[in-house]
Amino acid sequence: MEHFFTYDSRLGISVPQLPRSFSSYSIEQQAIILAEWENHRGAIPDRVKELEREIDQCLYNLNREDDFEASCRLNNQISEFASTINDLWIWYRTNPHITSSKNNEKTLPIK
């Protein structure tokens, strides 16, 4: 059985990793890939909420931090969490469809 997804530790979800274009897979394989993607994609809003809680905690700590270098580290963490959230929303909007021909190709991004 082929594996079409790889866990991305930064994002905290599995993302598509297709060795070839989506349209080159059979209709049956495309359906399997899409069904699995919907399961992974469905976890994105919960993952975003987790990261937002992390940002809130960092902001709470930042408001109480007097040390400049510690404040910089907290700001960097906030920036990283925000970047991850942005990437997750990009993946969330990735919504391919089964292709009926090579001319009607919709592809999942390849990591």
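Glu-50 counts as partly exposed, because its relative accessibility is 37%. You'll find Glu-50 in helix α2, in a model that is predicted. Look across from there and you meet Ile-85: the two sit 35 residues apart in sequence, yet their C-alpha atoms are 9.8 Å apart in space. Ile-85 is one of the buried residues of α3, so let's start with the big picture and then come back to that pair of helices.

**The overall layout**

- The protein has three helices and two strands.
- Walk along the sequence and the pattern reads β-β-α-α-α.
- Of the 111 residues in the protein, 34% are buried.
- Take the contacts between residues at least 6 apart in sequence: 59% of them join residues at least 24 apart.

**How α2 and α3 sit together**

- Helix α2 covers residues 44-64 and helix α3 covers residues 68-92.
- Their axes are 9 Å apart, and the two helices pack at an angle of about 165 degrees.
- Angles over 145 degrees count as roughly antiparallel, and α2 and α3 are therefore roughly antiparallel to each other.
- The crossing of α2 past α3 is left-handed.
- What kinds of residues make up the contact of α2 with α3? There are 17 nonpolar ones, along with five polar and three charged.

**A closer look at α3**

- α3 is 25 residues in length, and from first C-alpha to last it reaches 36 Å.
- That reach is close to the 36 Å expected at 1.5 Å a residue.
- Its buried residues are Ala-70, Ser-71, Leu-74, Ile-78, Phe-81, Thr-84, Ile-85, Leu-88 and Trp-91.
- Which elements do the buried residues of α3 pack against? They pack against strand β2 (13-16), helix α1 (27-42) and helix α2.

**Ile-44, in α2**

- Ile-44 belongs to helix α2.
- Is Ile-44 buried or exposed? Its relative accessibility is 0%, so Ile-44 counts as buried.
- Setting aside neighbours within four places in sequence, Ile-44 touches Ile-13, Trp-37, Leu-88, Trp-89, Trp-91 and Tyr-92.
- Two of those partners, Leu-88 and Trp-91, are on the list of buried residues in α3.
- Ile-44 and Leu-11 are 33 residues apart along the chain, and 8.9 Å separates their C-alpha atoms.

**Trp-37 and Ser-14, linking α1 and β2**

- Trp-37 is in helix α1, and it is buried because its relative accessible area is 0%.
- Ser-14 is part of strand β2.
- Ser-14 counts as buried too, because its relative accessibility of 16% falls under the 20% cut-off.
- How far apart are Trp-37 and Ser-14 in space? The answer is 8.5 Å, C-alpha to C-alpha, with their positions 23 residues apart in sequence.
- Ser-14 is in contact with Trp-37, and beyond its neighbours within four places in sequence it also meets Phe-5, Thr-6, Tyr-7, Asp-8 and His-40.
- Trp-37 turns up among the contacts of Ile-44 as well, so it's a handy residue to click on if you want to get from Ser-14 to α2.

How values were computed
Residues are numbered from 1 along each chain as its sequence is written. This is a predicted model: local features need pLDDT of at least 70, side-chain atom pairs count only at pLDDT 80 or more; totals for chains, interfaces and linings use all residues. Side-chain values use heavy atoms; hydrogens and water are left out. Axes are lines fitted to C-alpha atoms, for helices over the stretch in contact, and angles run from 0 to 180 degrees between N-to-C directions. Helices (H or I, at least four residues) and strands (E, at least two) are DSSP runs, numbered from the N terminus. Angles under 35 degrees count as roughly parallel, over 145 as roughly antiparallel, 65 to 115 as roughly perpendicular and the rest as oblique. A crossing is left-handed if the near helix is turned anticlockwise from the far one by less than a right angle, and right-handed if clockwise. Ala, Val, Leu, Ile, Met, Phe, Trp, Tyr, Cys and Pro count as nonpolar, Asp, Glu, Lys and Arg as charged, and the others, Gly among them, as polar. The expected span of a helix is 1.5 Å times one less than its number of residues. Buried means under 20% relative accessible area, exposed over 50%, partly exposed in between (1.4 Å probe, protein chains only). Contact means heavy atoms within 4.5 Å.
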